[in-house]
Amino acid sequence: FGISIEKRPSGLIWNSKNTALVVTGRDSTYAVIANKWLERLADGGAKEHIYAPFSTAFYQDELILNGEIRLRNNIHSALSQLDVWGVGSLAFTQKTITSIVPLDYVRNIALNEQTDPQEFYAFLAGAIKYNPFKRVLVLIGANGEEAYSETKSGADALGLHQFTEDTWNLMRKTNPDARLPDFRSGAGNHVISSRATALLYDYNLAELVKAFGGKILKDKNLIPYIAAAHNCGVKRVIRALKKPGHDWRRALRKLGKTDETIIFLEKMDYLMDWNN
């Protein structure tokens, strides 16, 4: 048999430790179950890594379920920490953050951030058989905390929830009781980044209430507003909502540099329907 790279719909081939691999040859029942390598450290030592990369052979119900359980448990731990520390909401001064942030929202942000848009559209069109959101769960199920811990975007967003350092530091400043560590040690950790995502939800909600008053809380698009703010910043969302007309997504697109956010919202639409 041989081992080759499994080409993805986006055209992506090499993706570091997350490179999808396929076993070629006469027997198609084989699959690569793990890579093992040594990382040379600056002090002359070495650190061993073992990681299970994705392949279509790995798309199994057991791994998908295990990934869902791991992800939800980590988010529950993050929210429980905020609850124990009594971290208050910026949006509602008499409430705690955990009383207003939906667990499913934090979960959906993680799945959204790690799902390739072209794979999402290919899945909707029937061009690929596997659900790309479940692909993310497979990797979490197989690798636990190691999955997406070092994933970095072109904008230097890091980790499972793709925080930039500026946004991370803003959450540290506005929520000192939440005990966020420095960016490098926190953004790559599943539990800590889930905690930061809950903080950002509350921060964006507070900014929306400040801009539009309590009526925004009854808006049917409140969760999409907050999700868009997670991706492109709450100030852009507020500007779009203040534009004349009723199509805020179209207004957001016209602001420039927000096409990625429109795609992000389309993925969020799917995830919100999937939850239901």
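A residue is called buried here when its relative accessible area is under 20%, exposed when over 50%, and partly exposed in between (1.4 Å probe, protein chains only). By that yardstick Ser89 is buried, at a relative accessible area of 7%. The model is a predicted one, so to speak of local features takes a pLDDT of at least 70 and side-chain atom pairs count only at pLDDT 80 or more, while totals for chains, interfaces and linings use all residues. Residues are numbered from 1 along each chain as its sequence is written, and side-chain values use heavy atoms, with hydrogens and water left out.

Ser89 sits in the loop between α1 (61-84) and α2 (103-113); helices (H or I, at least four residues) and strands (E, at least two) are DSSP runs, numbered from the N terminus. Its side chain makes polar contacts, meaning pairs of N or O atoms within 3.5 Å; within protein, one atom must be able to donate a hydrogen and the other to accept it, and residues adjacent in sequence count only if both atoms are side-chain atoms. One goes to the backbone nitrogen of Phe92, at 2.9 Å, and another, of 2.6 Å, to the side chain of Asp202. Setting aside neighbours within four places in sequence, Ser89 is in contact (heavy atoms within 4.5 Å) with Lys95, Thr96, Ile97, Ile100 and Asp202. Lys95 in turn lies over the face of Phe92, 4.9 Å from the ring centre; for such a placement, NZ of Lys or CZ of Arg must be within 6 Å of the ring centre and within 35 degrees of the ring normal.

Next comes helix α2, where Val106 is found. Val106 is buried, at 0% relative accessibility. With neighbours within four places in sequence left out, its contacts are Ile75, Val101, His161, Ser194, Thr197 and Ala198. Leu241 is 135 residues from Val106 in sequence and 23 Å away in space, C-alpha to C-alpha.

Helix α3 (residues 117-124) has Glu119, Phe120, Ala122 and Phe123 as its buried residues. Viewed down the axis of α3, these fall within an arc of 165°, so they line one face of the helix; the arc is taken over the directions from the helix axis to the C-beta atoms. At the N-terminal end, Asp116 acts as a cap, with a side-chain oxygen 2.9 Å from the backbone nitrogen of Gln118. Just past α3, Gly126 has a positive phi of about 80°.

What about the aromatics? Rings of Phe, Tyr and Trp (its six-membered ring) pair if their centres lie within 6.5 Å, with planes under 30 degrees apart called stacked, over 60 edge-to-face and the rest tilted. The count under this rule is 14 aromatic pairs. Phe133 and Tyr270 are stacked, because their ring centres are 5.4 Å apart and their planes at 15°. Phe133 belongs to helix α4 (residues 132-143) and Tyr270 to helix α11 (residues 259-275), so the pair ties together parts 137 residues apart in sequence. Phe133 is buried at 0% relative accessibility, whereas Tyr270 is partly exposed at 23%. Both belong to one aromatic cluster with Phe120, Tyr121, Phe123 and Trp274. Over the ring of Trp274 sits the charged end of Arg107, 4.9 Å from its centre.
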